Structures are given as C-alpha cells and as structure tokens.
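Trainee: I would like to learn how to read pockets and helix contacts in a model, taking one feature at a time.

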Amino acid sequence: MNSTFMFGEDRFSDDEDYSEYYSSLGGKLPKNVVNGVIKDAFEYLEVRYPDVKYRHSFPSVEEAIVKAAGLNLPNEEIGLMASTFSFHEHGYIPDDYIKTLSRLASKFTLSAVIDIWSAKDRWLNTFKEKGIISLFSAMSFSSDHGMIKPSSIPFELVVNELGIAKEHCVVVGDSVRRDLGGAMASGIDCVLVGGACDEKALACYANLLKFEEDIR
C-alpha cells in the first residue's frame, strides 16, 4: 500500500512536533514528553521491522509506547499516544490512484497485503471515505496478526480467502525485500512499482499508474 497507492506516510523525524495532534485529542502531557515518547516508540519499532526474529510476532504500537516510554502511563494516555502515532504513520491516496484502482478492480480481483504498525481503523476509514474499500475482496493488515512482510503467511491468508490458485495471482508492490521477497516465498509472481526493480520480478514500473496503463 505505502508508496504503491498511498503516499506521504510515516511522518517521523527529529523535528516533527507530535504534540500538536495529541493536544487536539485532549491530551494534557507536556510537549517534550509527548514528542519523546512517540520518537522512542518509532525507534523501538523501526529497529525491529527488518529483524527476522519479529517477522511473525511484530509488537504493537501500544506495546512500543509502554516499553519505549519507560513511564507508567494510564490506558487513556496510551490510547491518545497510539492515535497520535497512527496519524503520523497514515498517508493520503491521490485521486488518480483511486481511479486507477477502480479500473483495475473492473478487470481483476483485488486484494491488499498491508504492513502497518498502528491499528487498521484509520486506514479503513480512509478507504471508506475514498470509496475504495469495496474494491478489495480480501485484506491483510499486519497490525491484526503481528506478521510482517516478507513473511509468506499474510500473502497465503489472502490467497486462501480469495480461493484463487497462486499461479493466477500477481503481487504488485514497491519493495524488493518485502513485496518481492514475500511473493517469492509464497510462490506468487510479483510486479514492482515505485522505482524498485529486480531481475526476479515479472516487470518493473515507475508507479502503479504506469502499470495499469500498460495492461489497459
């Protein structure tokens, strides 16, 4: 999803002010505390994301907040922090990508294997608001089950739900390690978009728009 049809995600940096959104939710903790907790939680997850030890047991954002913060935060504050984290992890879907997804869905059965660290609610709401949630016949969110790409299991869960043979499926993604790696581990062909390319992929495109244009 990220860098395939959603962009502007993962707004985590040293100069980011997370307290602004947190305060809009009614949070009362000091700015430096909020920024420190979100920054530490992000770093806690970032270092574990490529680690094979966490491929099938990736921690939740709430767990990262508790462990990285080193504070006895009440559940309400953990929830506000988690919502703040998801706001900065979440991106936007351009209109031309919405149209492209709609055209693809008119010809193919679409599904989505999505790695996100936060709970999926914010993303599902965006899919509903943009009118694309019905385009996907199956979806896997890593934050639901703790399994992250390139694990083959999320891909296999979706394929099994669809009831389509793997040889009739194609993964379209932007990451050689996560998307191509997961597809190959699952025995599924892969097309790379977003500038990623590898000789083991079926094809490589600058973006999803170019891919859809080529097969139109």
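Trainee: How do the residues of the lining of the largest pocket divide into nonpolar, polar and charged?

Mentor: Keep in mind that this is a predicted model. To read a lining, one sorts its residues by class, and here the lining of the largest pocket has 22 nonpolar, 5 polar and 3 charged residues. The space in that pocket comes to about 760 Å³, and of the 30 residues that line the largest pocket, Leu 110, Ser 111, Val 170, Val 171 and Val 172 are the closest to its centre.

Trainee: Which helices and strands each supply at least two residues of that lining?

Mentor: They include the helices α5 (95-105), α8 (153-162) and α10 (208-215), together with the strands β1 (110-114) and β3 (170-173).

Trainee: What is the volume of the second largest pocket, and which residues are the closest to its centre?

Mentor: Its volume is about 290 Å³, and among the 17 residues that line the second largest pocket, those closest to its centre are Asn 2, Asp 10, Tyr 49, Asp 115 and Arg 178. By class, this lining divides into 6 nonpolar, 3 polar and 8 charged residues.

Trainee: Turning to helix packing, at roughly what angle do the axes of α3 and α4 cross?

Mentor: For a helix pair one reads the axes and then the contact: the axes of α3 (residues 61-69) and α4 (residues 75-89) come within 9 Å and cross at roughly 115°, and the crossing is right-handed. Val 61, Glu 62, Ile 65 and Val 66 of α3 make the contact with Ile 78, Met 81, Ala 82 and Phe 85 of α4, which by class gives 7 nonpolar, no polar and 1 charged residues.

Note on methods: Residues numbered from 1 in each chain as written. Predicted model: local features only at pLDDT ≥ 70, side-chain atom pairs only at ≥ 80, totals over all residues. Heavy atoms only, no water. 1 Å grid on protein atoms, 1.4 Å probe; cavity = no way out; pocket = protein on both sides within 12 Å on 5 of 7 lines; lining within 4 Å. Points joined across faces, edges and corners; volume = space filled by probe spheres on them. Helix = DSSP H or I, 4+ residues; strand = E, 2+ residues; numbered from the N terminus. Nonpolar A, V, L, I, M, F, W, Y, C, P; charged D, E, K, R; others polar. Axes fitted to C-alpha atoms, helices over the stretch in contact; angles between N-to-C directions. Left-handed = near helix turned anticlockwise from the far one by under 90°. Contact = heavy atoms within 4.5 Å.
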